[in-house]
Amino acid sequence: MPSQKIETGHQDTVHDVVMDYYGKRLATASSDTTIKIIGVSTSASQHLATLSGHQGPVWQVAWAHPKFGSILASCSYDGRVIIWKEGNQNEWTQAHVFDDHKASVNSIAWAPHELGLCLACGSSDGNISVFTARADGGWDTTRIDQAHLVGVTSVSWAPSTAPGGLVGPGILEPVQKLVSGGCDNTVKIWKLQNGSWKMDCFPALQMHTDWVRDVAWAPNLGLPKSTIASASQDGTVVIWTVAREGEKWEGKVLKDFKTPVWRVSWSLTGNILAVSDGNNNVTLWKEAVDGEWQQVTTVEP
C-alpha cells in the first residue's frame with residue numbers, strides 16, 4: 001500500500017493508531033477523549049464512527065481477534081477500560097466498562113486468541129489486571145498487585161505456543177505469560193500458575209536507567225528461544241532473550257537513540273522490530289546471522 005496521509009478528525013494529540021486484523025480499518029485514540037474508526041483502502045480513507053465514553057485522554061486501543069466478533073478495547077487517563085462491540089455495521093456500543101483501577105490505565109493488550117477473550121491492563125496505580133470473558137457474558141478478573149510500585153507503563157503477552165513446542169515431542173499446554181514495563185525502570189515477566197500470577201524472572205530485568213515506555217514480546221513460531229524488546233525514556237532499546245525455559249534472560253542494547261523511545265513493535269514473524277523515537281523517526285531492525293542487530297530501513301513520514 002502506498003503511503004497516504006489520513007485525517008483523523010481528532011481535536012487533540014493522537015496517542016495510538018491500530019489497524020484491524022484484516023487491514024481494512026484503523027482505530028485511533030486521542031487526548032480529545034474519543035476514539036475514531038477510519039476505513040482505509042489503497043486510494044482513500046473514510047471516517048466510519050466516533051466512540052465517546054472516556055472522561056480523559058485515551059492512551060491506547062486494541063482490536064480483539066475477529067473470531068470473537070468486532071470488538072475493540074480502550075484505556076484512558078480516567079482509570080477506565082471500555083470494551084466496545086460493533087452491532088450493525090459502524091454502530092458501536094459499550095459492552096463493558098472496567099473501573100477497577102484508581103489511576104490512569106496506560107496500556108492494554110489482548111491475549112493470543114487461543115487463550116480466549118482475555119485483556120491485560122497496566123495502570124499508574126502499580127497494578128496489572130487481567131479480564132477474561134466467560135461464556136455467560138460476564139468477566140473474571142485476576143490481578144497482579146503492585147507489579148511496579150511507581151506505575152505500570154506497558155504490558156505485552158507471550159506467544160501461546162510453548163517455546164520449543166514445534167520442535168519438541170508431544171503437545172504442550174498453551175503458555176500464559178506476560179511481560180510488563182514500569183516507572184521503576186524494570187521489565188518483569190509474569191506467569192499464570194494455578195489461577196494466580198507469579199513473577200517468572202528473578203530478579204527483575206534491569207538495564208534501563210529511566211522509565212520503561214514500552215515492552216513487546218516477539219512471536220516465536222514455536223522455536224526454543226524467547227525474545228522481548230523494551231523501549232525506555234533513557235533513549236535505549238534492549239533486546240532480552242532466553243535460550244530455553246527456566247534459563248536466565250540476557251539483555252543486549254539494540255541502540256542508544258539519544259532521545260526517548262516511545263514504542264516497539266514486532267512483525268508477525270518476529271524477525272523485524274519497528275522502533276519509534278522522540279525525533280519522530282520510525283526505524284526497522286533485523287537480527288543478522290551473527291546475532292547483531294542491524295537497521296534495515298527508516299520509514300519515511
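# Strands, a core and aromatic pairs in a predicted model

Leaving aside its neighbours within four places in sequence, Thr153 is in contact with Asn106, Ser107, Gly181, Gly182, Cys183, Trp211, Val212 and Arg213. The model in which these contacts are found is a predicted one, and every value in this report is to be read with that in mind.

## Thr153 and the sheet it belongs to

Thr153 has its place in strand 13, which covers residues 152-157. Is this residue buried or exposed? Thr153 has a relative accessible area of 10%, and because buried means under 20% relative accessible area, Thr153 counts as buried. Its side chain takes part in a polar contact of 3.4 Å with the side chain of Ser154, and the side chain of Thr153 also reaches the backbone oxygen of Val212 at 2.4 Å. Val212 therefore appears both in the list of contacts of Thr153 and as the residue whose backbone oxygen the side chain reaches, while Thr153 itself is buried.

Strand 13 is part of an open sheet of four strands, arranged in the order 13-14-15-16 with antiparallel pairing. Strand 13 and strand 16 (196-199) are the edge strands of this sheet, and each of them pairs on one side only. On average, and with direction ignored, neighbouring strands of the sheet are turned by 30 degrees against each other. Within the sheet, strand 14 (residues 177-182) and strand 15 (residues 187-193) are joined in the antiparallel sense by five bridges, and Val179 stands opposite Ile189 in strand 15.

## Strand 3 and its two partners

How many of the residues of strand 3 (residues 34-40) are buried? Seven of its seven residues are buried, and the strand is described as mostly covered. Both faces of strand 3 are covered, with Thr34, Lys36, Ile38 and Val40 buried on one side and Ile35, Ile37 and Gly39 buried on the other.

Strand 3 pairs with strand 2 (residues 25-30) in an antiparallel arrangement that is held by five bridges, and it pairs with strand 4 (residues 45-52), again in the antiparallel sense, over seven bridges. Ile37 can be followed through both pairings, since Ala27 stands opposite Ile37 in strand 3, and Ala49 is the bridge partner of Ile37 in strand 4. Strand 2 and strand 3 form a hairpin with three residues between them, and Thr33 in the turn has a positive phi of about 80 degrees. Strand 3 and strand 4 form a hairpin as well, with four residues between them.

## Strand 5, strand 6 and the largest nonpolar core

Strand 5 (residues 58-63) is mostly covered, with five of its six residues buried. It pairs with strand 6 in the antiparallel sense over five bridges, and the bridge partner of Val58 in strand 6 is Ser76.

Strand 6 (71-76) is also one of the elements that give two or more residues to the largest nonpolar core, together with strand 7 (81-86), strand 9 (105-110) and strand 10 (118-123). This core has 16 residues, and those with the most contacts inside it are Val81, Ile83, Ile108, Trp110, Leu119, Cys121 and Trp139. Which residues does Leu119 touch, not counting residues up to four places away in sequence? They are Ala73, Val81, Ile83, Ile108, Ala109, Trp110, Ser129, Val130 and Phe131. Phe131 is also linked by ring pairs with Phe98 and Trp139 into a cluster.

## Aromatic pairs

The structure holds nine aromatic pairs, and the table gives two of them, both edge-to-face.

| Pair | Centre to centre | Angle between the planes |
|---|---|---|
| Trp217 and Trp249 | 5.7 Å | 85 degrees |
| Phe257 and Trp285 | 5.9 Å | 80 degrees |

Trp217 lies in strand 17 (residues 212-217), whereas Trp249 lies in the loop between strand 19 (236-242) and strand 20 (250-256), so this pair ties together parts that are 32 residues apart in sequence. Trp217 is buried, with a relative accessible area of 8%, and Trp249, at 11% relative accessibility, counts as buried too.

In the other pair, Phe257 lies in the loop between strand 20 and strand 21 (261-266) and Trp285 lies in strand 23 (residues 282-287), so the parts tied together are 28 residues apart in sequence. Phe257 is buried, with a relative accessible area of 8%, and Trp285 is buried, with a relative accessible area of 6%.

Note on methods:
Residues numbered from 1 in each chain as written. Predicted model: local features only at pLDDT ≥ 70, side-chain atom pairs only at ≥ 80, totals over all residues. Heavy atoms only, no water. Buried < 20%, exposed > 50% of the residue type's maximum accessible area, 1.4 Å probe, protein only. Polar contact = N/O pair within 3.5 Å; in protein donor to acceptor, adjacent residues only side chain to side chain. Contact = heavy atoms within 4.5 Å. Phe/Tyr/Trp six-rings, centres within 6.5 Å; stacked < 30°, edge-to-face > 60°. Pairing = 2+ DSSP bridges. Axes fitted to C-alpha atoms, helices over the stretch in contact; angles between N-to-C directions. Core = buried A, V, L, I, M, F, W, Y, C linked by side-chain atoms within 4.5 Å.
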